[in-house]
Amino acid sequence: MGSASGLPTLAVAGATGAVGAVLLDLLSTRRDVYGEIRLAASERSAGRTLQVRGERVPVSALTPEVFDGADVAMFAVPDAVAAHWAPIAAARGAAVVDGSRAFRTRPDVPLVVPEVNPERVRDRPRGVVAGPGCATLSMIVAIGALHRRYRLKELVIASYQAASGAGRSGIDTLYAQLEKVGGDRALGNRAGDIRGVVGELGPFPAPLAMNVVPWTGTHADGGWTSDETGLRDETRKILELPGLKVAATCVRVPVITGHSMAVHAVFEERTGRREAQDILARSPGVVLCDNPETREFPTPSDVAGTDPTWAGRVRCSPDDPNALDLFLCGDNLRKGAALNTVQTAELIAAALTP
Ligand SMILES: NC(=O)c1ccc[n+]([C@@H]2O[C@H](COP(=O)([O-])OP(=O)(O)OC[C@H]3O[C@@H](n4cnc5c(N)ncnc54)[C@H](OP(=O)(O)O)[C@@H]3O)[C@@H](O)[C@H]2O)c1
């Protein structure tokens, strides 16, 4: 065990990013899990200090030595950085939990969502455990609960994804664009007028302020995006349903934090609205917020900063007794990234702590 406290030593790679900031917040609320906590990011951030558990902790550049004596390493860095550094951390003895896309679909790397498949964390042939993408994490806990009762056959998904899903640059770009369009009532009625005033597009392929952008992630084969193929590949792997049919359209919306998913789920068995609501209400990690009479449903602005997946608008399909339609919302930086990493790492840390 790396720490004098007898508690595991933790290294956090990507501590300065959008996900990293939430990781540090979550770690500050869990003081008895780790002993020493080390923070790393790029060379640009070396020498900065960040607040963790009430103390200022220095940030170092990512080097192999960061992982010497570390029992657990959380990675919240770009894909290529994780692909390079996670094996180095694993070779130095750290159990790696990576939130990037680098390892998610590798057969020798478990893809873990603690509410759905916690047992998968035990078998780590490469020393790495991956977490799914924020789109998958925004729906998988709720859909996994319904699958256990009705046995899932098909998903048709439309996502409404927040700017922070594209990291710090996504957040900065949306705030800057909102400032430029703010209050201008002349905008929004002519093709291209918003593009003309927002300036930098940042990580987005079109203006995001006063707009929706049907593209998240990178280019994948056949006109799909990586988030869309990721939803299919990751859901199949986590639920162990290799033949699951999944069709997704991922859309970026001008929301800072909080992904939403409109899901049409087809099951092997006949569904019931009240029963499905009960299943969701009783599932750990899910909160049901669903009252059509009082127009209660989850929205990103109501759920940002919270841990669970929020479920509402639960309906039985009028044309298929085996299908449900529902609307799910969750904080993409918390359960959609940092919280899932923290929960997964805690499963590993618990096995290390005497
Ligand atoms: N944002 C989400 O909703 C979300 C959800 C699920 C998964 N993820 C995944 O989580 C990872 C981090 O995402 P993010 O949104 O936090 O991105 P971000 O805000 O851009 O942060 C990236 C982090 O990686 C560090 N980094 C970049 N290049 C590096 C290098 N060459 N060496 C060492 N560190 C480097 C950055 O350090 P500096 O500050 O020093 O540049 C920063 O700490 C990505 O793989 C992303 O796909 C994100």
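# Exercises: two sheets and a ligand

A polar side-chain atom of Asn-332 lies 3.0 Å from an oxygen atom of the ligand. The model is predicted: local features need pLDDT of at least 70, side-chain atom pairs count only at pLDDT 80 or more, and totals for chains, interfaces and linings use all residues. Residues are numbered from 1 along each chain as its sequence is written, and side-chain values use heavy atoms, leaving out hydrogens and water.

## Exercise 1. The ligand site

**Task.** Find further polar contacts of the ligand (pairs of N or O atoms within 3.5 Å). Then describe the shell around the ligand.

**Solution.**
1. Start with Thr-16. One of its polar side-chain atoms is 2.5 Å from a ligand oxygen atom.
2. Move on to Gly-17. Here a backbone N or O atom lies 3.1 Å from an oxygen atom of the ligand.
3. Check the cover. Alone, the ligand exposes 900 Å² (Shrake-Rupley method, 1.4 Å probe). The protein buries 79% of that area.
4. Find the elements. Those giving two or more residues to the shell are α1, α2, α5 (167-181) and α10 (334-352). Helices are DSSP runs of H or I with at least four residues, and strands are runs of E with at least two, numbered from the N terminus.
5. Look at the residues. There are 28 around the ligand, and Thr-16, Ser-42, Arg-44, Ser-45 and Val-77 come nearest. A residue counts if one of its heavy atoms lies within 4 Å.
6. Sort them by type. Twelve are nonpolar, twelve polar and four charged. Asp, Glu, Lys and Arg count as charged; Ala, Val, Leu, Ile, Met, Phe, Trp, Tyr, Cys and Pro as nonpolar; the others, Gly among them, as polar.

## Exercise 2. The seven-stranded sheet

**Task.** Give the strand order of the sheet that holds β1 to β7, then place helices α1 and α2 on its strands.

**Solution.**
1. Read the order: β3-β4-β2-β1-β5-β6-β7. The sheet is open and its pairing is mixed. Two strands pair if DSSP finds at least two bridges between them.
2. Mark the edges. β3 (49-52) and β7 (128-130) each pair on one side only.
3. Note the turn. Neighbouring strands are turned by 25° on average, direction ignored.
4. Check one pair. β2 (37-41) and β4 (55-61) run parallel over three bridges. Ala-41 has Ala-61 of β4 as its bridge partner.
5. Add α1 (18-28). This helix touches β1 (10-13), β2, β3 and β5 (72-75), with heavy atoms within 4.5 Å. Its direction makes about 40° with that of β3. Axes are lines fitted to C-alpha atoms, for helices over the stretch in contact; angles run from 0 to 180 degrees between N-to-C directions.
6. Add α2 (79-91). It lies across β5, β6 (95-98) and β7, at about 175° to β5.

## Exercise 3. The six-stranded sheet

**Task.** Which strands stand at the edges of the sheet of six strands? Trace its pairs and packed helices as well.

**Solution.**
1. Write the order: β9-β8-β10-β13-β12-β11, open and mixed.
2. Pick the edges. β9 (245-252) and β11 each have a single partner strand, so one side of each lacks a neighbour in the sheet.
3. Note the twist, which averages 25° from one strand to the next.
4. Pair β12 (309-316) with β13 (323-330). They run antiparallel over five bridges. Six residues lie between them in a hairpin. Arg-315 stands opposite Asp-325 in β13.
5. Pair β8 (152-161) with β10 (259-267). Eight bridges join these antiparallel strands. Val-156 stands opposite His-264 in β10.
6. Place the helices. α7 (226-239) lies across β8, β9 and β10, at about 135° to β9. α8 (273-282) touches β11, β12 and β13, and its direction makes about 170° with that of β12.

Methods: Polar contact = N/O pair within 3.5 Å; in protein donor to acceptor, adjacent residues only side chain to side chain.
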